[in-house]
Protein chains: 2
Amino acid sequence: MGTVAKALSLLDHFSRARPEIGLSDLARLAGLNKATTYRLLSELQHGGFVEQTGTGREYRLGPAVLRLAALREAAVPLRDMAARALQSLSDATHETAHLSLLQGDRLSMLSYAYSPRHGTRVTMEDAQILAFHATSSGLAVLAFSPPEMIDRILSAPLDKRTEDTLTDPVAIRAVLDGVRHTGLAESVGGFEKDVHSHAVPLFDAQTRVIGAMAVAAPVARMTPELKTLIRRELWQHATGLTRALGGFCPEGFVAKGAAA
Amino acid sequence: MGTVAKALSLLDHFSRARPEIGLSDLARLAGLNKATTYRLLSELQHGGFVEQTGTGREYRLGPAVLRLAALREAAVPLRDMAARALQSLSDATHETAHLSLLQGDRLSMLSYAYSPRHGTRVTMEDAQILAFHATSSGLAVLAFSPPEMIDRILSAPLDKRTEDTLTDPVAIRAVLDGVRHTGLAESVGGFEKDVHSHAVPLFDAQTRVIGAMAVAAPVARMTPELKTLIRRELWQHATGLTRALGGFCPEGFVAKGAAA
DNA sequence: AACCAATGGTTCAAATAATGAACCGACTAG
DNA sequence: CTAGTCGGTTCATTATTTGAACCATTGGTT
């Protein structure tokens, strides 16, 4: 692993649950020497990517990321387009819609939209990291990822989030085959106990998978009718967003939607 | 310069005007070898900090920065606080208020607020980089920066933005002395010909300068009364924001405001 | 069609920068 | 007073980064 990758990996340990981390902790989390971690943090700090908290000890993400995010959004209004598509999808299904993006070997939430229809709804947290094996979005993305990436992901330890989470690589590969056939991934209680979710992958101009759009509903509310509605609407919105972003679905993908 | 700093410096060459840059161009801009640039970009790309455009050639900022920005926002609601303070300042003065942050040796716009009162107003662009010597914000920040940073900035070539831009390091140092005495920087036509702006620095918990808050008005509208109003309100809002962010003004700084 | 000058990407010996064990001084808890 | 943290620093060893030269392509010019 290159030095730059190590430095960037430090940034991945910050989360909503853990927004500030001390030097020693961070070194432990990242599996790096304390001195190395310190030097990397110093460079990140000079660039404004991290800063030290008011009381002078712990580190947290710095203001530079705000600036870059503003520029990114100006160059590619993806967040904006995603928000619009999600709102429409959520309105059509009356359930929670969300979208995640692939970044390296990680899948992270970009945005989500709730429906006002129901009092109970599946709630999401943005910038959250999604497990590939435990979420419909993860399965949708993984199914269309290169074989070596699938091997990498499935050879790492797979967390058993709930009692229904699939953790057997062989079983997961079988599921992925199914996803490749239908173009749609489904997960019942794999991430949160009472959530039934569907996901459809998104593609770039080279037909590589870049993320997934998903609808999450409480298990209790799922009926055959709702399922049909979700599948149709999700398919429409996901392929529509892929096209709107200048991407193309792989050969034969469109036919799958018609079959569903 | 460390490898990480070089990689991060690549990201600084993306701007609103130049959101996509080719490998060779970027190598030239950054003053690095093409092979080096390629390797660094590859690492950044794997982390999702840059990506290649649909047609497969040029590089642009990637989605990872969005994720980090979301986390930063959640951890430090600075942008919100800044927006609120700017709106209030703009309402009080009926002129454009804006705020910029120091990131390494660069000063960049974070946010701004316009007043609806006047038809003509000074317009701003966010994520813009501000020159230290040509803007009131830059002078305010520089005046309270460490001597070695002042030396670094003033020894680099100083762009003559307008005919009124100060470019003589000796003259600028004299201006900085004045700013240190009053705690307030002023620039008439230094950045844009017809703009009269005032700025007050912002500080962190270690009383180090982190940026500046400023009010920009058309030269034609500036009167002694408006000037007094701007100085008073700007001072109030800037010191208030510094406090709200957990920062502290340096010794004696508070007294300066009373004098102004 | 031949040519030229770019482009993005790759290679490998040489040079440089990253590394990590040990060490500070400061602090906290027992 | 001791033991165990913490953030930060040092420096000889080591592994990584570096850059000139090299492809294969592409697009424009003659």
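These are my notebook entries on a predicted model of two protein chains with DNA strands C and D.

**Entry 1: how the two chains are related**

I began by superposing the copies, and chain B can be laid on chain A with an RMSD of 0.5 Å by a turn of 180° and a shift of 0.0 Å along the axis. That is the relation of a two-fold axis. I then looked for the residue of chain B that comes closest to this rotation axis, and found B:Val4, whose C-alpha lies at 2.6 Å. I also looked up the interface: 96% of the interface residues of chain B are interface residues in chain A as well, so the copies meet through the same surface.

**Entry 2: DNA strand C**

Which residues come nearest to DNA strand C? There are 17 residues around this strand, and the nearest of them are A:Asn33, A:Arg39, B:Ser24, B:Lys34 and B:Tyr38, drawn from chain A and chain B. Looking at the DNA side, I noted that sugar and phosphate make up 70% of the atoms of strand C that come within 4 Å of the protein.

I went through several side chains of chain B that reach phosphate oxygens of strand C. For B:Tyr38, a polar side-chain atom lies 2.5 Å from such an oxygen, and for B:Arg28 the corresponding separation is 2.8 Å. B:Tyr59 also has an N or O atom of its side chain 2.8 Å from a phosphate oxygen of strand C.

I next asked which helices supply this surface, and recorded that α1 (3–11) and α3 (34–46) of chain A, along with α2 (23–30) and α3 (34–46) of chain B, each give at least two residues to the surface near strand C. By residue type, that surface divides into five nonpolar, eight polar and four charged residues.

**Entry 3: DNA strand D**

I repeated the search for DNA strand D, which is surrounded by 17 residues, the closest being A:Ser24, A:Lys34, A:Tyr38, B:Asn33 and B:Arg39. Of the atoms of strand D within 4 Å of the protein, 69% belong to sugar or phosphate, while the rest belong to bases.

Which kind of oxygen in strand D lies 2.4 Å from a polar side-chain atom of A:Lys34? I found that it is a base oxygen. Phosphate oxygens of strand D are the partners in two further contacts that I wrote down, with a polar side-chain atom of A:Tyr59 at 2.7 Å and one of A:Gln52 at 3.2 Å.

The helices here are α2 (23–30) and α3 of chain A together with α1 (3–11) and α3 of chain B, each of which supplies at least two residues of the surface near strand D. I recorded five nonpolar, eight polar and four charged residues for this surface.

**Entry 4: the sheet and helix α9 in chain B**

I turned to chain B and traced an open sheet of six strands in the order β5-β4-β3-β8-β7-β6, with antiparallel pairing. The strands at its edges are β5 (129–130) and β6 (185–188), each of which pairs on one side only. How many bridges join β3 (residues 96–103) of chain B to β8 (residues 209–218) of chain B? I found six, between strands that run antiparallel, and within β8(B) it is B:Ala216 that stands opposite B:Thr96. Helix α9 (residues 224–244) of chain B lies across β3, β6, β7 (195–203) and β8 of that chain, and runs at about 25° to β7(B).

**Entry 5: the sheet in chain A, and A:Cys249**

In chain A I again traced an open sheet of six strands, ordered β5-β4-β3-β8-β7-β6 and paired antiparallel, with β5 (129–130) and β6 (185–188) as the edge strands. Two bridges join β4 (residues 106–113) to β5(A), and these strands run antiparallel; A:Ser108 stands opposite A:Ile129 in β5(A). Helix α9 (residues 224–244) of chain A lies across β3 (96–103), β6, β7 (195–203) and β8 (209–218), running at about 25° to β7(A).

Finally I looked up A:Cys249 and asked where it lies relative to α9 and α10 (253–259) of chain A. A:Cys249 is in the loop between these two helices. Leaving aside residues up to four places away in sequence, A:Cys249 touches A:Phe203, A:Thr207, A:Thr239 and A:Thr242. For A:Thr239, which is 10 residues from A:Cys249 along the chain, I noted a C-alpha separation of 7.4 Å.

How values were computed
Residues are numbered from 1 along each chain as its sequence is written. Chains are lettered from A and ligands numbered from 1 in the order in which they are written. This is a predicted model: local features need pLDDT of at least 70, side-chain atom pairs count only at pLDDT 80 or more; totals for chains, interfaces and linings use all residues. Side-chain values use heavy atoms; hydrogens and water are left out. Copies are superposed by least squares on the C-alpha atoms of residues with pLDDT of at least 70 in both. Contact means heavy atoms within 4.5 Å. Two strands pair if DSSP finds at least two bridges between them. Helices (H or I, at least four residues) and strands (E, at least two) are DSSP runs, numbered from the N terminus. Axes are lines fitted to C-alpha atoms, for helices over the stretch in contact, and angles run from 0 to 180 degrees between N-to-C directions. A residue is near a molecule or strand if one of its heavy atoms lies within 4 Å of it. A polar contact is a pair of N or O atoms within 3.5 Å; within protein, one must be able to donate a hydrogen and the other to accept it, and residues adjacent in sequence count only if both atoms are side-chain atoms. Ala, Val, Leu, Ile, Met, Phe, Trp, Tyr, Cys and Pro count as nonpolar, Asp, Glu, Lys and Arg as charged, and the others, Gly among them, as polar.
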